[in-house]
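Welcome! Have a look at the fold below, and then let us walk through its strands, its helices and a few side-chain details together.

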Amino acid sequence: MPVRILVVDDSGSFRQHICKMLAKLPNFQIICEASDGLEAVHKAEQLQPDVILLDIGLPKLNGIAAGRQIRKLSPKSKIIFVSQESSVEVVQEALNLQAQAYVLKSKIATDLKSAIDTVLEGGQFVSNGLIPDVP
C-alpha cells in the first residue's frame, strides 16, 4: 500500500515542487493538497492521511495551530513540518506538538525522503543545524 500524503503550503509552486519530487519515488501517493491551515485541518479529518507535510506560515490558521487541531482530529497521521522558519523556539514548539519531523525548505531535496522514512519507522527527524539536541 502506498503512503498517503497530504501536502500543505500556501505557495502553489512549492506544493507542485514537492509533488513532483515525491512522484518520482515508489510507494508515495499525494492524496490531496491544501493552501491554508483551515483547509489542512478539514482535509486531514476527512482523509486521515498517513503523512502530512505542513508549512508553518499559512494563511487563515498558522501551521502550529493547524497541527494542534490535526493532532486531535487525525491522531494516526504523522506530521512533518516543512518550513523556512529556523528559530529554535518555533522548531521546539512544533516538535512539542508531537510532530515527528521538521524539515527546512532549503534542505527539502536532501531531507524529505529521509524524514518520511524515519517517521514511518517510528523515529523523529530534524534537518541538521536546527536544534542542538533532538528531544
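A residue is called buried here when its relative accessible area is under 20%. Keep in mind that this is a predicted model.

With that cut-off in hand, start at helix 3, which spans residues 63-73. Its buried residues are Gly63, Ile64, Ala65, Ala66, Gly67, Ile70 and Arg71. What covers them? The cover over the buried residues of helix 3 includes helix 2 (37-47), strand 3 (51-54), strand 4 and helix 4 (88-96). At the N-terminal end of helix 3, Asn62 acts as a cap, with a side-chain oxygen 2.9 Å from the backbone nitrogen of Ile64.

Next come the strands. Here are the pairings, each with a pair of facing residues.

| Strands | Sense and bridges | Facing residues |
|---|---|---|
| Strand 1 (residues 3-8) and strand 2 (residues 28-34) | parallel, six bridges | Arg4 and Gln29 |
| Strand 3 and strand 4 | parallel, four bridges | Val51 and Lys78 |
| Strand 4 and strand 5 | parallel, four bridges | Val82 and Val103 |

Helices link these paired strands. Strand 1 and strand 2 are joined with helix 1 (residues 12-23) in a right-handed β-α-β unit. Helix 3 takes the helical place in a right-handed β-α-β unit with strand 3 and strand 4. Strand 4 also belongs to a right-handed β-α-β unit with helix 4 and strand 5.

Is strand 4 enclosed or open? Five of its six residues are buried, so strand 4 is largely enclosed by the rest of the structure.

Now for the aromatic rings. How many aromatic pairs does a search of the whole structure find? The search turns up one. Its members are Phe81 and Tyr102, in a tilted arrangement with 6.3 Å from centre to centre and 35 degrees between the planes. Because Phe81 lies in strand 4 (residues 78-83) and Tyr102 in strand 5 (residues 101-104), the pair ties together parts that are 21 residues apart in sequence. Phe81 has 0% relative accessibility and therefore counts as buried. Tyr102, also at 0% relative accessibility, is buried as well.

One more ring deserves a look. The charged end of Lys105 is placed over the ring of Phe14, at 4.6 Å from the ring centre.

To bring the threads together: strand 4 pairs in parallel with strand 3 and with strand 5, and helps to cover the buried residues of helix 3. Strand 4 also holds Phe81, the partner of Tyr102 in strand 5.

Methods
Residues numbered from 1 in each chain as written. Predicted model: local features only at pLDDT ≥ 70, side-chain atom pairs only at ≥ 80, totals over all residues. Heavy atoms only, no water. Phe/Tyr/Trp six-rings, centres within 6.5 Å; stacked < 30°, edge-to-face > 60°. Helix = DSSP H or I, 4+ residues; strand = E, 2+ residues; numbered from the N terminus. Buried < 20%, exposed > 50% of the residue type's maximum accessible area, 1.4 Å probe, protein only. Lys NZ or Arg CZ within 6 Å of the ring centre and 35° of its normal. Contact = heavy atoms within 4.5 Å. Polar contact = N/O pair within 3.5 Å; in protein donor to acceptor, adjacent residues only side chain to side chain. Pairing = 2+ DSSP bridges. Right-handed = clockwise from strand over helix to strand, strands pointing away.
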